[in-house]
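Work through the exercises below with the sequence and the coordinates side by side, attempting each task before reading its solution.

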Amino acid sequence: MDKKPKTVAIIKARMSSSRLPGKSMIDIAGKPMIQHVIERLKKAKSIDQIILATSNQSSDEPLADFVRSLGYQVYQHTGDINDVVGRVLAAAKMVNA
């Protein structure tokens, strides 16, 4: 029997965005933006798992802690914060996506 591949939604976000710092935690209609993104992804029946890929910088700790408090996994990349592809690939490997 063929095993269905695991479909993982990886949200790439960090608090130190140059255009709008802290945007992931900005309140929109009473919830942080990241929560709205997660709630939308939860509605997709084809997604098996949702994780956050962020950096290990102290500025990203509130974001990581909040996503964990919602019950989701977080991957905190130790490499270059501008290496978005590396961060997403490492997160995918972490959960065997």
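Two exercises follow, one on a helix and one on salt bridges.

This is a predicted model, in which local features need pLDDT of at least 70 and side-chain atom pairs count only at pLDDT 80 or more, while totals for chains, interfaces and linings use all residues. Residues are numbered from 1 along each chain as its sequence is written, and side-chain values use heavy atoms, with hydrogens and water left out.

**Exercise 1.** Determine which residues of helix α1 are buried, and what they pack against.

*Solution.* Step one is to delimit α1, which spans residues 33-42 (helices are DSSP runs of H or I with at least four residues, strands runs of E with at least two, numbered from the N terminus). Step two is to apply the cut-off for buried, under 20% relative accessible area, against over 50% for exposed and partly exposed in between, with a 1.4 Å probe and protein chains only; I34, Q35 and I38 are buried. Because these residues cover an arc of only 100 degrees around the axis (taken from the directions from the helix axis to the C-beta atoms), they lie on the same side of α1. Step three is contact, meaning heavy atoms within 4.5 Å: the buried residues of α1 pack against β1 (8-12), β3 (31-32), β4 (49-55) and α2 (61-69).

**Exercise 2.** Find the salt bridges and state how exposed the partners of K31 and D65 are.

*Solution.* A salt bridge requires a side-chain nitrogen of Lys or Arg within 4 Å of a carboxyl oxygen of Asp or Glu, and a search of the whole structure finds two. K31 pairs with E39, their closest N and O atoms being 2.8 Å apart, and E39 is partly exposed at 26%. D65 pairs with R68 at 3.5 Å, where R68 is partly exposed at 38%; being three residues apart in α2, D65 and R68 are separated by about one helical turn.
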